Structures are given as C-alpha cells and as structure tokens.
Amino acid sequence: MLAVALLFWGSTAIAQRQISGRVTDAETGEPLIGASIVVTGTTAGSIADVQGNFRLEVPADAKSVRVTYTGYTEQTIDLGASTTLEIRLLPGVALTETVIIGYGRVKREDLTGSVVAVTPKEFNKGAITGPQELLAGKVAGVQVTTGADPGGGATIRIRGGSSLSATNDPLIVIDGVPVANDDIAGARNVLNVVNPNDVESITVLKDASATAIYGSRASNGVIMITTKKGNSKKELRTEYNGSLAFSNIVQTADVLSADEYRDLIFARYGENHPARALLGSANTDWQSEIYQTGVMQDHNLSLSGGIGRLPFRISWGLTDRDGILKTDNFNRLTTAVNLNPTFLKDMLQVNVNFKAMSDKNHFADRGAIGSAFQFDPTQPTTVADGPYGGYFTWLNNDGNPNTLATANPLALLYMKNDESHVSRYLLNASADYRFWFLPALHANLNVGFDRSYGSGSVFIPADAAFAFSTGGRDEVYNQTKRNKLIEFYLNYAKQFGKNNLDVMGGYSWQHFYRNNYAFATNVDKSQVLRPADSTPREYYLLSLFGRLNYSFNDRIFLTGSVRRDGTSRFSEDNRWGLFPAAALAVKAVDRPNATFSSMKLRLGYGVTGQQDINNDYYPYLARYLASTPTAQYQLGNQFIQTLRPEGYDANIKWEETTTYNAAIDYGFWGNRVTGAIEVYLRKTKDLINYIPVAAGTNLTNFINTNVGDLGNRGIEFSLNTTPWQSDKGSWTFGFNVAYNENKITRLTKTEDPNYQGVNVGGIAGGVGNTIQIHSVGYPANSFFVYEQVYDAQGTPIEGLYVDRNGDGKLTPDDRYRYEKPAPNYLIGFTTGLNIGKFDFSAAGRANLGSYIYNNNLSNNAYYNQLYGSTNVLRNVLSPTASIDFTVPQYFSDFFISDASFFRVDHVTAGYTFNINRRIQSLRLSATVQNPLLITNYDGLDPEVFGGIDNNVYPRARTFLLGLRANF
Amino acid sequence: MKLLTIKNMLFVAAVSLTAVSCFKDLNTVPIDPDEITSAAVYENPAAYKQVLSKLYAGLAVSGQEGPAGRPDIAGIDEGFSTYLRQYWKAQELPTDEAVIAWNDGNIQDYHQQDWDANNEFITAMYNRIYYQISLCNEYLRETTVEKLDSRGADAALKAEVAQYRAEARFLRALSYWHALDFFRNVPFVTENDKVGSFFPVQYNAEQLSDFIESELKDIEGGLAAPRQNEYGRADKAAAWTLLAKLYLNSEVYTGRNRYNDCSAYCQKVIDAGYTLHPEYTQLFMADNQNASGIIFPVLFDGLKTQTWGGMTFLVHAGVGGSMKASDFGIDGGWGGIRTTSALINKFTAAGVESVVVAPTEGNTASYQKIYVPGNYQGWNPAGAANLTSPAGNNTYEGYIYFPEDNSPFKFTLGPDWNNNFGDNGADGTLDQNGANISAPTTGFYKINVDMTNLTYTLQKTEWGLIGDATAGGWGEDQNMTYNASSGA
C-alpha cells in the first residue's frame, strides 16, 4: 500500500502506470470487442480485444478514462488508485447521446423541448406483456394505468387530458410510424404487437414545442417507441430471455360469510317470510371459487449481428398467461425483424422493420367478479345432475331461470366461451439518402403498413341460465384494419463556424381504413340478437411540415416548427389546421467537472390539434343512416328499412391546444445528479365536445361541435442520480414528481349559468345512472353527488342530504361537484444497484389526491339487496351493517373516497454468471411485482382509471423467475 | 452510374407518391352502404318512403339498431329513450295509477312530484318530442316541389310525396301538441330553419295551439280518407282526432273554450265508420290490427321493430312478485311498474272488489280457442270467455272468474253448442255432451284443457299486487280478486 502510494506520489510529473481491465455489456455480460478506452483529456487510449480485455499506459496524474462503444452509453470511469477495471457499458447509445424526436434525432444536451427518453435499464420489470407498462412511473407527468387482465392494455395520460369528448390518449409512434391507437377488435392491448423485449427506448414528448411537429394528433403528447436493431460490427449474438411467473389475488372483497348471512336473514325477516325458506345449507366462498393462481410463461429468442454487410436482428417471443380469474387466458406469438443495411459508401441507409403478432385470447366474463360479491353464500356452486349446466340457479315461480337474479359466477365463467384471435403486422421501410454533391442534405422516405385482423366468437349454450331469455348466444365478429403511411422529408444540417443549422421539411400522407362486422343469434338461430352488419370506414390525414433548429456556439438553441394538417373528417373550409411551435434553450452553465456542472434554461410554445373524435369519421357531413332489420317499421303489409337523417355540424373544425413550457435542466457533481424542473400551462380552445344543442335546431339532441375551453397547468420535477459509483458497481436512483391541475373554463357557446354540464361516468345500479360531470369551473369528470348528512356517531343518515341551494327541498339541484378521479400529484421512483455480479432494482409510484367512487360499496351494501321479491337472495358487503342503508343511495358523497396510494411496482434481484466461451453469460433473476401497496382506500385497489370502482379486475401479486442467456 | 440510378429512383418514387396521394383524398364520403350522404339519398325514389317510415318509427323505436344501438337521442339510457315509454311515464307515474320500483336516476321524482328541469326523464321526453319535430322538418325541407323537380321526379312520385308530406306535417303537429300539453311555452322550429345550432324563437300556448290547428286543417285535404290509408299511416280521422284533443283542452291551454269544435270533430270520426271493438282486452293483444276502433296505431313487432320501450316495456315491467312470466307470454318480469294502493282503495270504496290486468303480449285473439259457456255468464257460448292455445297444439289455457260456489260450465269448440264437452263422473276426463263441470268455490281459476287427450284441470289462483303502495311494501303482495262485472 505504502509502496503504491509512494510510486504514485513520486511519479507525478512524468511517470506512467499501467491499468488493465475488461469491457462488457452490462446487461448480458458479453465482451465488447473493440471498445475504446481513452484517458480523459488526452488522445492516449487502447482498444478492447476479443475477450473484451485491454491494457493501457496512463499518465500517473490521469484521473479518469472515457470508455465508448458504438451502440452503448459512454462512461467515464474514475481511476482512483485501482489498476484493474471491470467496465460494464449499458446498451443504447441513442438514449444518452442523441434522442429520437419527430422526424429526426437531436443530441440530448441540445434539446429545447420537454423530451424524456426511458431506456431498458429503467424499464419496469416483471410479467410485462405490453410496452406501456414499461413506462409506469418513469417520467414526470406521465400517468400509466395498467389493466390487470393477462395481456391487458394501459391508459396513458400525459400532463392530464387536454380534451373532453375527443380522445386523451397520446399519439404512439412505433419506429417512426404514427399508429392509430383505437382498439383492435378481440385484442386486449392495441400495442401488443410490440414485444417489450424488443424495445430499445421509449421517448416521451411532453410539451408542444416537441410535439407540434406531429400537429393534429399531438395535443396529448407523443410516445415514440424504438425497437432494437442489428449491428454489423458485432459477431452473431444470440439471446434467450425467459420467465415463469405465478400470480395471485392480493385481497378479496369483504362480504358476509354463509353463517353471517344466515344470521342476518333471520334477524331481518320474520318466521314465515319467504326469504328464510330460500336459504341454502352450503358454505360457499364465491370469490375463492372464481380466482386461481395465474401462471405465465414467456420465452424470447433473438439473433442479431451482420450477414456480410447486412446488419440484422430477428426475434421471436412466446407468451402464455392465465389470468387470476379462472378461464382467462392470453397467448401471443411475436416476431420482429430489423434489417438496416447501408449502401453507396454509407450514403444510403435503409432501415426495414417488420413486426408481427398472433394472439389468442379466452376472455373470462368479468361480471363474475361482481356476481361473486352478490351470490348467496349459503347456496352450493353446483347441483348434481341439475339443469343449466349443473350450476345452481335462481328460478322464477314458473320454474324458469329468474332473469333478474344474480347469475352464478361459475356459470358465467364456464358457460360462456368468449374467444378471439388477432393477427397484426406492422411493416415499415425507410431510406435515408445523403446527396453526394451536398453531404449536408439528405432525403428520407418512410413507408409504413399496419394491418390487423381480429376475429372472435361468443358462444353461450341454450341451457345457460344467464342467457335463458334468448336461448343462448352465438356471436361472431371480426375487424379488418389497414393503415398506410407515406412520409418524405429533406433535411439540411451544417455547421458554419459557431453557427449550427438544421432545416427539415416534409410531407406526410396517411390513410386509415377499418371494417367491423358482427352477427349474433341465439343458439338455434331462431332469433337475431345482433343483426349482421358490416361498417367500413376510412379517413385520411395529409400534412406538410417543417422545422428549423439553430444553435450558436453550443450555447443558445432555437427551434421553430410548423405543421399544416388536413383531415377528411372536416369540411373543405375547415379541414386545414396550422400548428406552429417555437422554443429557446440557453446553456447557462456547462462545466462537466464542476460541482454545479450544468444548467440549461428552456422556454417553449406551441399549438397542437385534435381531430380524433372516436368513431365519428364524417361529423361535418349531412348523411342518412339505414336501420338494421330489427329496427324496421311496418307500413301497410310491408316492413320498411328506415332512413334516418343524422345530426351534424357542418362547421366542425380542429380543437386547438396552446402550450407554454418553461424549464430548468440542472446537473451537479459532474452531472452525477441531473434533472429538470418544468412548469407548463396548456389551454385548449374550441374543444370538440359532445354536447346538447338547442331543442329542434339539429337532427338530434347531442352533436360533436367545437364548444368549450379547458386548461391544464402543472409543475414537474425530476432527479436522476448515481449516488455511488466505483469499479465494483454502481447505484442509481431516479425520482420524479408532477403536479397537475385541470379545469374546464367554458362549455356553452353563450354564457348560460343554468347549464349544469355534461353528465358522464356511468355506474352500476339502476340503468343509465351517471356519477360524474364536466362543469365549468371544475376539473373534468368531477363527481356530482349529494352531500351526506351524518348522525352524532358519524353514521350516514339514509336519504338525508344537505339542502345546498337552501330552497327547502331536496332536488337534483342540490348535488354538488366533489373531487375528481385524476391525481393532483404523480410520483415515481426507480432505483438500481449493481455490485459485482449481483444486481437489484426496484420501482414504485404514488398518486396523491385521486378520488374514487366506490361503486362496489354503493351497489352492494344496502339491506334491500338481501331479498328480492322475485324470490332471490343476494349477499352484501360486510360494511352494510355500519352503513345501515335499506335502499341504495347511489348519489351520496359517502361513497367518494380518497384513493391516494403508494405502490411498489416491482423488486428484482439478479445474478449473472460468466460460464464459458459458448455461453457467455447467464443471468438468473427473481422479481416480485406489486409487493407493497399503502392506501387508505377501503376497496380492493385504489388504482382505477376513470375513478369508478366496479367489477375492476384486481391487480395480482406476481412472483417471477427469469433466465437470460447469451450465446 | 449505379449511384445516379438509385438516386433517381428515390426521387421518382418520392415525387410520384406525393402526386398520387394528392389533396383530393380528403374529399371522402361514407363507404358503408348503410350510410348515404344527404345529397345522394333521394336518387333512389324509394328513399322518400324510407325516410317517412323513420318519422313513424320515431314514435316506436329508440334508434337504428333494434332493440338498442345507434340511438336517436342521447343524454339518457337508450332503452329509456323511446317516445311511448317516455310518454307513458310522464303521463302515468305522476298519478296514483302507477308507481315504479326502480332507482334509475331521478325516475322517482315523477311520483314524488319533485321534478325539475334537470330531471333526465323529463329532458328526454322533451328531446324526443323535438327530435321528432326536427326530423319532420328535415323531411319537409328535402321534399319540396323544387327539390323533386331538380331530381327529375315524375308526376306519380310527386303525388305520392305530396301525401307523405301531409303525413309528416301530421306527425309534427302531434308532437307539437305533446310539447304544448307537457311544456306549454316552447321553442318553435319549422322547415324554414336550417340545421345547425341556434336559439329558436319561443311560442306561447296560444301561438302553438293556433299553429297546430292551422296545420291540421291545412293538411286535411292531402291525407287519405278515413280507414283508406295503409295500415300504420295517418289518415284524415287521425287529424280530426288530434284536433278534437286539442279543442278538448283548449280552455286549459289558451283560455278559449272550444268544446263545440271538439264535439264536431269527434262526430266526424264517428261518422267515418269507426266502432268500439266489442272485446276490450283484444285491443291489447298482439293481433290487434284486426280490431275495429283503432284510429292511429304505433306499431311494434317482436322481431322486426324491436325496442326496450313500447309493449316490451309495458308488459315486462308490469310483471313481478308472484305473477308468472310465462302466463304473460314473456320470459321474465322486470318487477318495475305497479299500481298504487290508493287506486285499489278507490274501487273498494265504491263497493267493487278489485281490478286485474289481462295478459297481453304474446296472446292473440286469433289463437286456436275454445269457449267456456256457463252459469256465470248465462250459458251463451258466443259470449263466453275463451281458452286459447298459444302454441297451437290443441291444449288450451285461460283464466275465468266464477262469482259463486259450485258454478257449472262446459267447453264448446265453437261459439255454439254443436260440439260441447262436459265431464261425466267429475274424473278430469272430458266427455262429449257430458255432464256439467263445476268450479267448487267462488274465485279465479286457471283452466287447462287438452283436447287431444280430452283432459282438463281447474286450479284456483290468486292474483297479487306488489309495491310500496301496498301495505307490506315491496316485500309482500296483496291478493286481488277478479271483478267480472267491471270487465276488468
């Protein structure tokens, strides 16, 4: 030790010392042949050999070395006193050095807009089948609410929602192709075509200065998914990644047990009351009957490398997952092929991406979840040799199944065969050509095809009690979607001294086509339940766009962009919209090695649009709609297919959202700590809104029209840090928090103080009941309820509400807006620790200030539910006794609960073996998903998109074992 | 060279693609054959009647996809939104005649008499009325003589459309009368207003009443003679009836007494040859197109005109408690609408025992039937109650009230004594020309007869009412007995 110190000390000026080490892929452990190791601030360096080993003479005063490798994140390693370095590089060069933005890339440090890239090391781990889930909690202001069914989708909201009736989903761009994100018939998740194992990065564009280049579809942000590519510089790499997972329900609803139920029936109904006679002698826990351990297996194999000059990557994935609800199954095969050859001395770069998916689903009837709460626990699940499939069934007094009674949950699961098969492929090819006479100019052509075919069937046998009225059901449906894209742009980028100029201009054409077909009859075909109908639709989007990036001296950055979008959804006079954006960024501090190492100020402004009015493709056009054969009308002896004039707004136009964004990006301690603070204001005007029109003035009472304004404003903070880093490993920690406030500022064309708003948020209980409202001055989807009055003990007094308008009567006018489902604060954290061959990671999220209407409670906790006059018994939730309601009180604010929560999404531990030359590395890992949930909410799960908790598929706790091998 | 070629190819590709995908793509029209632009729809002459049939269907269905789907109006559950269901609720639920058991939104406000303008059911009734009016206006806008000429319509089509237009104006007048009756001072829109979003003028009761009257008188000549139009379509008598109803309440609407006009128009209807149908219950059966006395029907069909309103609602919603759904020709009751104890008590107070509702949907007067002449009705086969065979399999079923103990009766195959059956030895087997059968005690009997095997059964039944109006609340029902003399 002393000797080393002396040597070090004594040779300060001229002496050199030798270091050696090995450079490997941090994820796979395989050697990175040819990685470059350069002493920081010098040109002295070395190259890693076939085993990834290197030796390097460094000046004694050298403090660090920089390690780079194409396709990997550059790393600067502090030398300290060590002479042997174990260097692990993370794949994904694009992600630190350059970031994908619309129609191009930009150096991360040159970004002017609010753009966040998430890479595989930060991705969520566990049993994940869709790419959205990778993102949950990773980016400030991005809320991802995942579905809990196997292969299920997720709802993404970026900085709240900027629309009301039109969609609030962000635009998804997969390898440069903006895809339609409306549902595919029979598919659980529209993005299942992207296997999460193939994802290289997900970039989120949050503010308008970044998104406006996508113009009309960018109001709710843009998510760009980039998949992995081949690399000809590497030898053939084979990777297997597999997992086996077991999922179980975390908690079931607290309903009365069979004995408790019997006691309650005896307590409430007198000696000769028919309710007593209906009691059975069984003790059935219906919830435990419907759930199971869901097993998932997932296998992925990929090959990448180069064949001659053709770099390629090809992968296959197989996922088979059972839900925790019995009979629920998701089975998927994916294939992805990427070819990215270059020609003409690299002047022409071609990139071909092909992704294909075939998924098969068996859908369990989710009605079983609610039925299991309600079904009388004193009845047996099955009756030996009984009718109706042998499942216990409530009967009418005429001996037929009671159509008003709760359906047997097991009959719902096992007597309904609801299956689908979906295939989809996404093919895009881009060619980027750099002109030989002017290398600063290049042309890019991108052609994409997105086709899907989903088909499914629902079969319920005629003896199923829950379909007794119709004599079963025999339904088939299918859907064809064909979307095409052609995009072309020219890009000119050149440095003039300290000035850097990058100009891009292009054109885009997209065509969306889909055709849905469905037909349902009863089993013996004697009755049509859903008339055969085919509904083809199409729309076009045409765009011209341009962008100018200018920077001076690597200090000041200016971006200006404009997009002109035309849609076939609007009339000739209104169909073109202009969406400009501008941004300015200034690097105020840029001292990579200082304590206060970097600071960049950013200001952005942009206008984006919205034309995605769900399924209305011709809202401006006067048209007539023919009736189906089941809605004909008889005149004389003839049934006539009627023609109905449709309501329309000839003047409907783009909804426009203007966003202002201001941010500070900061870095401390040589950018060991980085992050950003952002504030934004987003105002939407001319909201495309589905609202009532004055009686008699249009051809129906509600139309899509441009009425209303709303605003979102918020502040976001993010922090990414590496608290500890050495040659032994590193610890990374990322944290983000976002606050958002949403408010509707106008809903009618003229001031109308009497206008309450648009009722939304259908609930279970009664028919057509809604619990939420869009009202001026309040957040979208505010709960619209009566204020409950409580007695001295704090028990709600049934049917007694506060007369809020003081008119001495209790009328619907006494309802008030109370809270909303969207959280005020979104918090996310991700952490990773590498020590030697061990790695650990964990991620979690919190939502604060989100509220839920507990529909399960409001609809299953009142005494009248116990016995129905049509001779059925139903169970109630255990809190019924303390709530003490006799009839349901759906509109009481008693049922609105604070649903703030903190959830740990996953905890993962892994160990990597370096085995031999054939198997370069082997990583074993174990993950627990959803290990911890902290909340005050009484229901099963506080994370319910839309804020109405009813028959929500419960999130499972999943234990997963993973194996990854590299050959 | 190679370089140039590829470069050129790229350019050619880019330029040609740009040219192909030109801006004209944005001029799309619907590609679904079920959706036709308004500019093209009347190219097919059949469309005039198809659109007219929608105006009639507006009174029956909820949308273009029976029983539900693609609704006509929004803001309420589609099943609730049909014209007749709303009309029935608005007319009946605020009275003592009916209550509803459900908790759908603010439906209870009707009966509790505390509704206001934000009640979704009242809003839906209002919207349904104006939906009908705006569809009629659209039809009148699109079928003017000028438009017909521009489309090259021939004289025959023009004459036909002229009558359609008169019927459209009748339907509009009908809905305006409902608007007047329910809401009084209301927005006024006609075919002279364009489709859009504007604030229409408001008409007071007098203006609206005058408009309805002048419309009906104006179209009188254009409508078919009474009972001469196709089934389901309005004729002169329909217009007269509406005028009579308007005049009957004129004093309430406008303060003007028009009872003489009411009487005159009623007389016109009577003189046109309408008679009261002899069997009241048959008016409520599925083949009531054969009944006399119906002036203007709204038509439903279980297969081709499906809806959650109309008779589907009225029959299903009324069946609950101990009533057997199969007795009413339906798969299950909805346990929704009942009458109040106040109504029952009224009859009791008048010395009448009770009321019962006859089975309707699924039963028709044209079913195979046999007759049950007996002492209870004077031994007259032609006037006797029937048992019917809904399945047409020679087994018959029905309900008869016997007002005394040991009441004798027989079965006859026709309305005469030619083929009559009794029961020798009271063994449950029928004998042609056999001895009288006897219902042992006073009461309401369910009678089943199998004419193939010549067997029969008698079962005494009790009919019940259930509701929060009855003494036991919804939990229990109150038994009712049949009152034969009241015909109910």
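**Figure 1. Contact between helices α4(B) and α8(B) in the predicted model.** In this predicted model, B:Y83, B:Y87, B:A90 and B:Q91 of α4(B) meet B:S175, B:W177, B:H178, B:D181 and B:F182 of α8(B). Sorted by class, the residues of this contact comprise five nonpolar, three polar and one charged. Helix α4 spans residues 83-92 of chain B and helix α8 spans residues 155-183 of chain B, and the two pack at an angle of about 25 degrees with their axes 13 Å apart. Because the angle is about 25 degrees, α4(B) is roughly parallel to α8(B). The crossing in which α4(B) passes α8(B) is left-handed.

**Figure 2. Contact between helices α4(B) and α6(B).** The axes of α4(B) and of helix α6, residues 120-142 of chain B, come within 10 Å and cross at roughly 135 degrees. An angle of roughly 135 degrees therefore makes α4(B) oblique to α6(B). Here too the crossing is described from α4(B), which passes α6(B) in a left-handed manner. On the side of α4(B) the contact is made by B:Y83, B:Q86, B:Y87 and B:K89, and on the side of α6(B) by B:F121, B:A124, B:M125, B:R128, B:I129 and B:Q132. By class, the contact of α4(B) with α6(B) has six nonpolar, two polar and two charged residues. B:Y83 and B:Y87 take part in this contact, and B:Y83 and B:Y87 also belong to the contact of α4(B) with α8(B).

**Figure 3. The cis peptide bond between B:G66 and B:P67.** B:G66 and B:P67 are joined by a cis peptide bond, with omega of about 0 degrees. Most peptide bonds are trans. B:P67 lies in the loop between α3 (47-57) and α4 of chain B.

**Figure 4. Crossing of helices α10(B) and α12(B).** Helix α10 (residues 236-248) and helix α12 (residues 259-271), both of chain B, have axes that come within 8 Å and cross at roughly 155 degrees. The two helices are therefore roughly antiparallel to each other, and α10(B) passes α12(B) in a left-handed crossing. From α10(B), the contact draws on B:A237, B:W240, B:T241, B:L243, B:A244, B:Y247 and B:L248, while α12(B) contributes B:Y259, B:D261, B:C262, B:Y265, B:C266, B:K268 and B:V269. Divided by class, the residues of this contact are 11 nonpolar, one polar and two charged.

**Figure 5. The largest cavity and its lining.** The structure holds 13 cavities of 30 Å³ or more, and the largest cavity has a volume of about 390 Å³. Of the 29 residues that line the largest cavity, those closest to its centre are A:E133, A:T146, A:G147, A:Q929 and A:R955. Five strands of chain A, namely β11 (142-146), β19 (310-322), β53 (901-913), β54 (921-935) and β55 (956-966), each supply at least two residues of this lining. By class, the lining has nine nonpolar, 11 polar and nine charged residues.

**Figure 6. The backbone at A:N781.** A:N781 has a positive phi of about 60 degrees, although this residue is not a glycine. Most residues other than glycine have a negative phi. A:N781 is placed in the loop between β42 (770-774) and β43 (782-785) of chain A.

Key:
Residues numbered from 1 in each chain as written. Chains lettered and ligands numbered in written order. Predicted model: local features only at pLDDT ≥ 70, side-chain atom pairs only at ≥ 80, totals over all residues. Heavy atoms only, no water. Axes fitted to C-alpha atoms, helices over the stretch in contact; angles between N-to-C directions. Helix = DSSP H or I, 4+ residues; strand = E, 2+ residues; numbered from the N terminus. Parallel < 35°, antiparallel > 145°, perpendicular 65-115°, else oblique. Left-handed = near helix turned anticlockwise from the far one by under 90°. Contact = heavy atoms within 4.5 Å. Nonpolar A, V, L, I, M, F, W, Y, C, P; charged D, E, K, R; others polar. 1 Å grid on protein atoms, 1.4 Å probe; cavity = no way out; pocket = protein on both sides within 12 Å on 5 of 7 lines; lining within 4 Å. Points joined across faces, edges and corners; volume = space filled by probe spheres on them.
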